Amino acid sequence: MAEFVLGIDIGTASSKAVLASTGGEVVAVEVVEHDTQRPRPGWVEQDADAVWWSDVCELSRRLTGRFPASSVAAVCVSGIGPTALVADGDGVPLRPAILYGVDTRAVGQAAVLSSRLGEDEILARCGSRLSSQSAGPKLAWIRENEPDVWARTRYFFMANGYVVYRLTGEYVLDHHSANQAQPLYDRHRGEWIAEWADVVAPGLALPEPRWPTDVAGQVTAEAAAATGLRAGTPVAVGTVDAWAEAESVDVRRPGDVMVMYGSTMFFIAVTSSPVVHPQLWGTVGQHPGLHTLAGGMASSGSITGWFRDLTGGRPYAQLLAAAASVPAGSDGLLALPYFDGERTPFADPDARGVLAGLSLRHGAGHVYRALLEATAFGVRHNLAEFAAAGVEAKRVVAVGGGTQGDLWTGIVSSAAGVTQEVPAVTVGAAYGDAKFAAVAIGAADRDADWNGGGVAIAPDPADAAVYDRLFPLYRELHERTADVQHALARA
């Protein structure tokens, strides 16, 4: 008898599956790592079949090898987004998927479209200005730079939409993901903007907008053979990974804010009505009637990985111990975290990382702590813009791999002046997908809390005082070096 729900999330560096009961108990977790390609500076891509579909098949087979396929009542998949994957009339990808805001190749198309359609009009209808985060300009880039590919393009997918298509044959995309395909979707009307689609992607039939908890279709016999799932198993539509992660920690009430510690730092604030801020991303939420204001730094966990590799692959535990022995402020060392450009609170693909104040007394622990502090100042900068938009953070929930241990989260709490909740269950977006699947088949209530308990990380008053003095210098350091950063990025 079917008793479990399966959630799968496709991430930047790995994919994860969570099998849970319909009441939210985690039964099993599986993870597979994968590669992300950077074929040129500013280009970040993934192969939809070799990564997205292969991961889903591998994870499903692992779990159905441990539990009967008949025990899985429903499936839901989320993934990195917004992405731009184009496919031919048979649904076969024509090129690797262009990833979210870390891929900056389409900034020129974003500028042209903003001028043609009107920057303020796009902001009003879509909730966000065009930037490297927007999927629409990425489609325009393919059309302009790869005309042979575009001539054969019949489908536009994001990660969850492509997997749903492979599982069920249905061509759908959730409303939230559609909203991140600016300037193609009107968040007030909840539908595609036909006249703008004709400008951005002429001739392309766009997927049917649905909600993450809608049933898109059932697993086909072909997909069952590839995944080990039972043919006929219901498949929910799913959404972008960060919003599935928000669902996983019950961030769905106005005043809730999620801070996601991953390869990039991401922020989602839930609001009861549409909120517009020129530097942030306003979207519909993961459920009808909800709205969100979001932001995302281009680099956070990826910086710590870079430094680990630079220092010979030292274990994170060793680096964290070294950083913990250094006082707040890193003994006069200050960093900027813009190693991969920046997304919010300012859109600047040519921003670059900076280390200021280096001396011969500084060691690896100083540098590592300064990098953690740089990301914490980025969090503070973003949350200040949320406040400027009138969004009050009543409850801040920290999620992601960076919440393991208390050093990084403690630095962020002290630097940003917020208390963060670290939930009891931190398996990630796939857990939110499992809940979406349960809701889709009527086995769980949308408003039920699945993730109670956890711990609170409060600011340290002494460290907070240090960071209050340093934050203006952090802002000034960027302003004074921005021209140099841009020149070096274009060298």
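Contact, as used in these exercises, means heavy atoms within 4.5 Å. The structure under study is a predicted model.

**Exercise 1. The surroundings of Phe157**

Task: State which residues Phe157 touches, not counting residues up to four places away in sequence, and place Phe157 within the nonpolar cores.

Solution.
Step 1. Leaving out residues up to four places away in sequence, Phe157 touches Thr83, Ala84, Leu85, Ala87, Tyr162, Tyr165 and Tyr171.
Step 2. Phe157 belongs to the largest nonpolar core, which has 79 residues. Phe157 is one of the residues with the most contacts inside that core, together with Leu6, Leu19, Trp52, Trp53, Leu139 and Phe156.
Step 3. Helix α1 (residues 48-66) supplies the largest share of this core, namely 8 residues.
Step 4. There is also a second, separate core of 52 residues, and Phe267, Tyr338, Ala398 and Trp408 are included in it.
Step 5. As general background, nonpolar side chains in soluble globular proteins tend to be buried together.

**Exercise 2. Helix α13 and helix α14**

Task: Determine how the axes of α13 and α14 are arranged, and describe the residues of their contact.

Solution.
Step 1. The axis of α13 (residues 364-388) comes within 8 Å of the axis of α14 (residues 407-416), and the two cross at roughly 45 degrees.
Step 2. An angle from 65 to 115 degrees would count as roughly perpendicular, and one under 35 degrees as roughly parallel. The crossing angle therefore makes α13 oblique to α14.
Step 3. The crossing of these two helices is right-handed.
Step 4. On the α13 side, the residues in contact are Arg369, Leu372, Glu373, Thr375, Ala376, Phe377, Val379, Arg380 and Leu383. On the α14 side they are Leu407, Trp408, Ile411, Val412, Ala415 and Ala416.
Step 5. Sorted by class, the contact of α13 with α14 comprises 11 nonpolar, 1 polar and 3 charged residues.

**Exercise 3. Helix α13 and helix α16**

Task: Carry out the analysis for α13 and α16.

Solution.
Step 1. The axes of α13 and α16 (residues 461-489) come within 10 Å and cross at roughly 80 degrees.
Step 2. This angle means that α13 is roughly perpendicular to α16.
Step 3. From α13, the residues Arg369, Glu373, Ala374, Phe377, Gly378, Arg380 and His381 take part in the contact. Their partners in α16 are Asp463, Tyr467, Asp468, Leu470, Phe471, Tyr474 and Arg475.
Step 4. The classes here are 6 nonpolar, 2 polar and 6 charged residues.

**Exercise 4. Backbone geometry in the loops**

Task: Identify cis peptide bonds and residues with positive phi, and decide whether Asp250 and Asp331 are buried or partly exposed.

Solution.
Step 1. Most residues other than glycine have a negative phi, and most peptide bonds are trans.
Step 2. The peptide bond from Gly81 to Pro82 is cis, with omega near 0 degrees. Pro82 lies in the loop between β5 (72-79) and β6 (85-87).
Step 3. A cis bond also leads from Thr344 to Pro345, with omega near 10 degrees. Pro345 occupies the loop between β19 (334-336) and β20 (354-356).
Step 4. Asp250 is not a glycine, yet its phi is positive, about 60 degrees. Its place is the loop between α10 (241-248) and β15 (256-261).
Step 5. The relative accessibility of Asp250 is 3%, so Asp250 counts as buried, given that buried means under 20%.
Step 6. Asp331, likewise a residue other than glycine, has a positive phi near 50 degrees, and is found in the loop between α12 (316-324) and β19.
Step 7. With a relative accessibility of 29%, Asp331 counts as partly exposed.

**Exercise 5. Helix α11 and strand β22**

Task: Describe the buried residues of α11 and the setting of Glu421.

Solution.
Step 1. In α11 (residues 301-310), the residues Gly301, Ile303, Thr304, Gly305 and Phe307 are buried.
Step 2. The buried residues of α11 pack against α12, α13 and α14.
Step 3. Just after α11 comes Gly312, with a positive phi of about 85 degrees.
Step 4. Glu421 lies in strand β22 (residues 420-422). Because its relative accessible area is 32%, Glu421 is partly exposed.
Step 5. Not counting residues up to four places away in sequence, Glu421 touches Arg395, Val396, Val397, Ala398, Val455 and Ala456.

Definitions and conventions
Residues numbered from 1 in each chain as written. Predicted model: local features only at pLDDT ≥ 70, side-chain atom pairs only at ≥ 80, totals over all residues. Heavy atoms only, no water. Axes fitted to C-alpha atoms, helices over the stretch in contact; angles between N-to-C directions. Helix = DSSP H or I, 4+ residues; strand = E, 2+ residues; numbered from the N terminus. Parallel < 35°, antiparallel > 145°, perpendicular 65-115°, else oblique. Left-handed = near helix turned anticlockwise from the far one by under 90°. Nonpolar A, V, L, I, M, F, W, Y, C, P; charged D, E, K, R; others polar. Core = buried A, V, L, I, M, F, W, Y, C linked by side-chain atoms within 4.5 Å. Buried < 20%, exposed > 50% of the residue type's maximum accessible area, 1.4 Å probe, protein only.
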